[in-house]
Amino acid sequence: MADNVRELRPRPPETEKITINLGFVDLGHVDLMVQEGFYSNRTDFIRTAIRNQLERHADVVKQSTARKSLDLGLRNYSREDLEAVRQAGEMLHINVLGLASIAQDVTPALARATIASVAVLGALHASAAVKAALADRMR
């Protein structure tokens, strides 16, 4: 039965892994907060700290997002989307705060023919070949 189960569309991950370097004293403070039960683990502490800083600067982020005309959240670009852009004789300027995803079936040639620039604050998911084809258009 499991042989005929197929994933129709791969789901993009909901998070992106990052690495940070902390001094030993700062790390000790984090561990103490976890040990005292304020946070469940180091990751919980770090996520909370980041969210607090984002909330603290929310007005500035909102103004900057509007000024830079950024799409917020998840933005998918399918092969069909790009073919429609090419057929219309237009070029895309991808400006995303969050996750921009270019479908795996998009060829490097189609990407170059339809994407004029790419600016992503967050993560860009695309094949290595498409990323290489757009390297000179990324800001």
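Which residues of the largest nonpolar core touch the most other members? In this predicted model, select Ile 94, Ile 102, Val 106, Ile 115, Val 118, Val 130 and Leu 134, which have that role among the 16 residues of the core. Next, colour β2 (92–102), α5 (108–114) and β3 (115–125); each of these elements supplies at least two residues of the core. In soluble globular proteins, nonpolar side chains tend to be buried together.

Remain in this region and select Val 130. Apart from its neighbours within four places in sequence, Val 130 is in contact with Ile 102, Val 106, Thr 107, Pro 108 and Ala 111.

Proceed to the charged side chains. The whole structure holds six salt bridges. Select Arg 79 and Glu 83, whose side chains form a salt bridge at 3.2 Å, N to O. Both residues belong to helix α4 (residues 79–87), and because they are four residues apart, about one helical turn separates them. Now add Asp 105, which also forms a salt bridge with Arg 79, with the closest N and O atoms 3.1 Å apart. Asp 105 is in the loop between β2 and α5, so this pair ties helix α4 to a part 26 residues away in sequence. Through shared partners, salt bridges join Arg 79, Glu 80, Glu 83 and Asp 105 into one network.

Another pair to select is Arg 42 and Asp 31, a salt bridge with its closest N and O atoms 2.7 Å apart. Arg 42 lies in helix α2 (residues 42–56) and Asp 31 in helix α1 (residues 24–35).

Finally, select Ser 69, in the loop between α3 (58–67) and β1 (71–77). Its phi is near 50 degrees, a positive value in a residue other than glycine. Most residues other than glycine have a negative phi. Ser 69 is exposed, with a relative accessible area of 55%.

Note on methods
Residues numbered from 1 in each chain as written. Predicted model: local features only at pLDDT ≥ 70, side-chain atom pairs only at ≥ 80, totals over all residues. Heavy atoms only, no water. Core = buried A, V, L, I, M, F, W, Y, C linked by side-chain atoms within 4.5 Å. Buried < 20%, exposed > 50% of the residue type's maximum accessible area, 1.4 Å probe, protein only. Contact = heavy atoms within 4.5 Å. Salt bridge = Lys/Arg side-chain N within 4 Å of Asp/Glu carboxyl O.
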